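Good morning, everyone, and thank you for making room for me today. I would like to walk through one structure slowly, so please have a look at it before I go on.

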Amino acid sequence: MQSPHRLLMTWLISPQWQLESDPERASEWEVRFIPEAPERTRVELEHRRLDRHGEGWERVRDGLAGGEGWPLYLRRYGDLFAQA
């Protein structure tokens with residue numbers, strides 16, 4: 001059986017950082033795992049359709065791109081697996 005190579009999730013958090021109940025106003029994020037060598041895998045993350053959140057979507061984009069957003073969590077993910 002082949003290992004999964006991607007994960008796709010819906011982001012149901014509004015620009016006010018509250019639960020978004022309308023799936024039409026949700027963005028999505030995808031993580032891809034790309035083998036580069038027997039002991040090395042590249043991890044790529046794409047968060048897309050942020051404009052579907054409506055007014056204030058730019059705040060979501062900026063927050064996720066900042067030091068407390070995706071860069072922080074990707075770094076923590078890498079650190080976790082570096083210890084294994």
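The strands β1 and β2 run antiparallel, and six bridges join them. To pick out one of these positions, Thr10 has Glu28 in β2 as its bridge partner. I should say at once that what you see is a predicted model, so please keep that in mind as we go along.

For those who are new to this, strands of a sheet pair through backbone hydrogen bonds, and they can do so in a parallel or an antiparallel way. Here the sheet is an open one of three strands, in the order β1-β2-β3, and the pairing is antiparallel. Because β1 (6-11) and β3 (40-48) stand at the edges and each has a single partner strand, one side of each is left without a neighbour in the sheet. From one strand to the next, the twist averages 15°.

Now let us step back to the whole chain. The protein has two helices and three strands, and if you follow the elements from the N terminus on, they run β-β-β-α-α. Helix α2, which covers residues 70-83, lies across β1, β2 and β3, and its direction is at about 160° to that of β3.

Which residues make up the largest nonpolar core? There are seven of them, namely Trp11, Trp29, Val31, Leu50, Val60, Leu64 and Trp70. The elements that give two or more residues to this core are β2 (27-37) and α1 (57-65). As a general background, nonpolar side chains in soluble globular proteins tend to be buried together.

Trp70 deserves a second look, and if we leave aside its neighbours within four places in sequence, Trp70 is in contact with Trp11, Trp29, Leu45, His47 and Leu64.

Finally, let me turn to the overall dimensions. The C-alpha atoms fill a box of roughly 45 × 30 × 15 Å along the principal axes, and the radius of gyration is 15 Å, whereas a compact globule of 84 residues would have one near 12 Å. Buried residues make up 25% of the 84 residues, and the protein exposes about 6500 Å², of which carbon and sulfur atoms supply 54%. Among the contacts with a separation of 6 or more, 37% are between residues 24 or more positions apart.

That is where I will stop, and I am happy to take questions.

Terms used
Residues numbered from 1 in each chain as written. Predicted model: local features only at pLDDT ≥ 70, side-chain atom pairs only at ≥ 80, totals over all residues. Heavy atoms only, no water. Core = buried A, V, L, I, M, F, W, Y, C linked by side-chain atoms within 4.5 Å. Buried < 20%, exposed > 50% of the residue type's maximum accessible area, 1.4 Å probe, protein only. Helix = DSSP H or I, 4+ residues; strand = E, 2+ residues; numbered from the N terminus. Contact = heavy atoms within 4.5 Å. Pairing = 2+ DSSP bridges. Axes fitted to C-alpha atoms, helices over the stretch in contact; angles between N-to-C directions. Rg over C-alpha atoms; globule rule 2.2 N^0.38 Å. Areas by Shrake-Rupley, 256 points an atom, 1.4 Å probe, with all protein chains shown as cover.
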